[in-house]
Amino acid sequence: MKKFLAILLILAMVFTFAACGSGGGSDEPQGEPEDEVVKVGMVCIGDDNAAYDRNFYMAADAAKARLAEEGINVEWIYTYNHPEGDPVAVDCEELAGAGCVAVFCNSYGQEPKMLTVAADYPDVIFAGLTNEGSWKDKLDNTVNAFPSIYEGRYLAGVAAGMKLQEMIDNGEIEADEAVIGYVGAYTFAEVISGYTAFYLGAKSICPTATMLVEFIGSWGDPTMEANTAQDLIDRGAVLISQHSDSTTPATTAQANGVPHVGYNISMSDVAPEASIVSSRIDWTNYFCYVIRSIVNGEKVDQDYCQHGLKDGDVVLTEINESVAAPGTVSKVAEIRAQLEEGTLQVFDTSTFTVGGQPVTTAFALDTDGDFVADSEEAVFDGAFHESYFQSAPYFALRIDGITLVNEAY
């Protein structure tokens, strides 16, 4: 009897070991361990209701797909509706604490608080997008990026100029009525550079074009943007453009039968009878560059400078040919090629004056009429070289042909 029990015990042990060796008796095949996921954070000024932020989400999705093809699996973590102040610092801390290898702050104004957190997380890259302080601070893990959007603004201006000239040629307006209304956020160099580039592009096609700029004192406020666009139209603007975050300038333009040129995303879906085209920064390349560099143990450049149309970092949305003037697509392609080749400079100093005088220096007049020196002399070889010395706009000259409706911001 004892011998029989011993045999049963031995058999039971054999079956137990066999079960362990076959994966605990599970019928599921045992695969390879899951690939490592790289967490990346973004602090957003708004949410997906803002055209500005949607542009970033599109780029984040595109970067995730592109990096997945390279074997890098990315998980994006977002925080929303924090344009500045202490909430930005809290967001940065939480994203870094959650294991993000990089934290992107997607708007101007977030950077100061980002910089108060970065030193506490030296192994995390903090990127100030559309900012200017991170490239010159003393921290190795803070970086700055702002592609050369002024090139895209100029191209969008060319499309606007084509429309204005068509309106003149068709007898819809007189030559001196080719007035552009521009909804601006703030009187920062970023906005001044953008609307000036846009105006110069339009004027290159329609020489009689002038511009009215009205500021709202906010990056995005749908109601204020709509009201400002309406005010500009009431003041005589026959085409609307913008450096603001919502689509209400486009819908206001359409309601008034006025053409529109947008920013950040295509606005043809909300204003199909008005919106011609939009210029935008495509952040996909930059997101891929930063994340790939971190994964590969490579240094991330502290200042991502001189990346524009030819690199694919600045793009135009599809031209709405049902609104655009005939020949716009081919003309935009022609001018784009010249910009990419460097045979055309956006801020060619032979194409504009300040106070009736040619421009020979990058020094800008402040509100008191005094000259304020830039950090570098950007005027050379017959042009103002915007975003050449750093990846942040510094063109702040107030050129002739552009009238500011208000200067409160």
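**Helix packing and a buried threonine: a short walk through the model**

Let me begin at a single residue, Gly257, which comes just after helix H8 and takes a positive phi of about 70°. I should say at once that what you have in front of you is a predicted model, and that everything I describe this morning is computed from it.

Staying with H8 for a moment, this helix covers residues 248–255, and within it Thr248, Pro249, Ala250, Thr252 and Ala253 are buried. If you ask what covers these buried residues, the answer includes two helical and strand neighbours that you can find by number: helix H7 (222–234) and strand E6 (179–184), together with strand E8 (239–243) and strand E9 (260–263).

Let me turn now to pairs of helices. Two packed helices are described by the angle between their axes and by the distance between those axes.

The pair to look at here is H3, residues 86–97, and H4, residues 111–118, whose axes lie 8 Å apart and which pack at an angle of about 40°. That angle makes H3 oblique to H4, and the crossing of the two is right-handed. On the H3 side the residues that meet the partner are Asp86, Val88, Ala89, Cys92 and Glu93, while H4 brings Lys113, Met114, Thr116 and Val117. Sorted by class, this contact has five nonpolar, one polar and three charged residues.

Another pair is H5, residues 149–169, and H10, residues 328–341, whose axes come within 10 Å and cross at roughly 150°. With that angle, H5 is roughly antiparallel to H10, and H5 passes H10 in a right-handed crossing. From H5 the contact is made by Glu151, Tyr154, Leu155, Val158, Ala159 and Met162, and from H10 by Thr328, Lys331, Val332, Ile335, Arg336 and Leu339. By class, the contact of H5 with H10 has eight nonpolar, one polar and three charged residues.

I would like to finish with one more residue, Thr284, which lies in helix H9, residues 284–295. Is Thr284 buried or exposed? Its relative accessibility is 4%, and Thr284 therefore counts as buried. Leaving aside residues up to four places away in sequence, Thr284 touches Ala59, Ala62, Ala63 and Arg66. In the same spirit, Thr284 and Lys64 are 220 residues apart in sequence, and yet their C-alpha atoms are 8.8 Å apart in space. Finally, the side chain of Thr284 makes a polar contact, at 2.6 Å, with the side chain of Asp282.

Key: Residues numbered from 1 in each chain as written. Predicted model: local features only at pLDDT ≥ 70, side-chain atom pairs only at ≥ 80, totals over all residues. Heavy atoms only, no water. Helix = DSSP H or I, 4+ residues; strand = E, 2+ residues; numbered from the N terminus. Buried < 20%, exposed > 50% of the residue type's maximum accessible area, 1.4 Å probe, protein only. Contact = heavy atoms within 4.5 Å. Polar contact = N/O pair within 3.5 Å; in protein donor to acceptor, adjacent residues only side chain to side chain. Axes fitted to C-alpha atoms, helices over the stretch in contact; angles between N-to-C directions. Parallel < 35°, antiparallel > 145°, perpendicular 65-115°, else oblique. Left-handed = near helix turned anticlockwise from the far one by under 90°. Nonpolar A, V, L, I, M, F, W, Y, C, P; charged D, E, K, R; others polar.
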